[in-house]
2 protein chains.
Amino acid sequence: MEKRDLFLQKKLTDSGFRLTKPRRSILKTLSRTREHLSAEDIYREVSRDYPAIGLTTVYRTLELFVRMGMVQKYEFGDGRSRYEIVVDTPRDDEHHHHLICTKCHRVIDYTDFIEQEKDLLKETEEGLSRLYNFEIRSHTIAFYGLCENCR
Amino acid sequence: MEKRDLFLQKKLTDSGFRLTKPRRSILKTLSRTREHLSAEDIYREVSRDYPAIGLTTVYRTLELFVRMGMVQKYEFGDGRSRYEIVVDTPRDDEHHHHLICTKCHRVIDYTDFIEQEKDLLKETEEGLSRLYNFEIRSHTIAFYGLCENCR
DNA sequence: CTTGCTGCAAAGTGTTTGCATACAT
DNA sequence: ATGTATGCAAACACTTTGCAGCAAG
């Protein structure tokens, strides 16, 4: 976890970006959790060890991280964006998809069935790239429905 | 196409909702296109044959249609919601997924590879339902990347 | 030192709500 | 006639932008 932080910090500085307190803290917050944090969530969390933080900075930092490929931005349908750190090790065995409750907007990560999905997705990806002359960078699979509390 | 409209109109009245000019017109607009329309798009389109329409009504109508399962709402990541009519015939051979350009936000429907996906998805769906006690209603698969114009 | 980064305030954008009027049934 | 549906204006929630000061390198 700390190792990943250092790796990502280096990625930043290597690209000529400055390593500031807000950036470090936002990275740490994202790194520490498996949840799908909104900008507001992150703002609140970072505020604890760095009260001077501004929401604007959170947005700008997240935008930077997304551009750097360090963070993935999601829209789950409740009007605010969610952010998750990208686990981008050689063997990406933490790749996952989402299960979203349309009522309470809870989001569950699942990694089950990923193996079976992998081959199919790879094939599909290649096919689509060729067919539509598209450069595919990422994909999402999401199942929508009612979670156990809401059904 | 017209047949589908009548079917959906009946679905509305059967549920006790009134068949009004805005609703008919919005339905027609959604039905006529294969595109992913935003509320604004629909508003503009409907304005042509019904200039008195208000954006509010468009939103409220879409919300109703979504609740009725007649329309599917998507978030593709450009900040505005998109709406597509649900083709909900017994054999849902028009089911499709999306290819989204992260730069120009173009969205391409694809139906290729759907057959292969179908079995896997069905299995996954069943597995997830059981595992997480989730009642799955729908799913989306989206590939993100750069379209031929933007790459 | 220099220039990128930050925080504040203000503006922007898409969507929702309150309310009086209009209209489908 | 009755109550749902509409349209307007205003409110909202999230995100972005402009700008002067701050601090990382």
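**Two protein chains and two DNA strands**

A polar side-chain atom of R23(A) sits 2.8 Å from a phosphate oxygen of DNA strand C, which makes a polar contact (a pair of N or O atoms within 3.5 Å). Keep in mind that this is a predicted model, where local features need pLDDT of at least 70, side-chain atom pairs count only at pLDDT 80 or more, and totals for chains, interfaces and linings use all residues. Residues are numbered from 1 along each chain as its sequence is written, chains are lettered from A in the order in which they are written, and side-chain values use heavy atoms, with hydrogens and water left out.

**Around DNA strand C**

- DNA strand C has 20 residues around it, and T20(A), R23(A), T57(A), R60(A) and Y59(B) are the closest; a residue counts as near if one of its heavy atoms lies within 4 Å.
- Of the strand C atoms that come within 4 Å of the protein, 67% belong to sugar and phosphate.
- The side chain of T20(A) has an N or O atom 2.7 Å from a phosphate oxygen of strand C, and for Y50(A) that distance is 3.4 Å.
- Helix 2 (21-32) and helix 4 (55-67) of chain A, plus helix 4 (55-67) of chain B, give two or more residues each to this surface; helices here are DSSP runs (H or I, at least four residues), numbered from the N terminus.

**Around DNA strand D**

- Which residues are closest to DNA strand D? They are Y59(A), R80(A), R18(B), T20(B) and T57(B), out of 20 that surround the strand.
- Sugar and phosphate make up 62% of the strand D atoms within 4 Å of the protein.
- Bases get touched too: a side-chain N or O atom of R18(B) is 2.4 Å from a base nitrogen of strand D, and one of T56(B) is 3.3 Å from a base nitrogen.
- R23(B) goes for the backbone instead, with a side-chain N or O atom 2.9 Å from a phosphate oxygen of strand D.

**How the two chains relate**

- Turn chain B by 180 degrees, with 0.1 Å of shift along the axis, and it superposes on chain A with an RMSD of 0.1 Å (a least-squares fit on C-alpha atoms of residues with pLDDT of at least 70 in both).
- That is the relation of a two-fold axis.
- I141(B) has the chain B C-alpha nearest the axis, 2.3 Å away.
- The copies meet through the same surface, because 100% of the interface residues of chain B are also interface residues in chain A (contact means heavy atoms within 4.5 Å).

Key. Polar contact = N/O pair within 3.5 Å; in protein donor to acceptor, adjacent residues only side chain to side chain.
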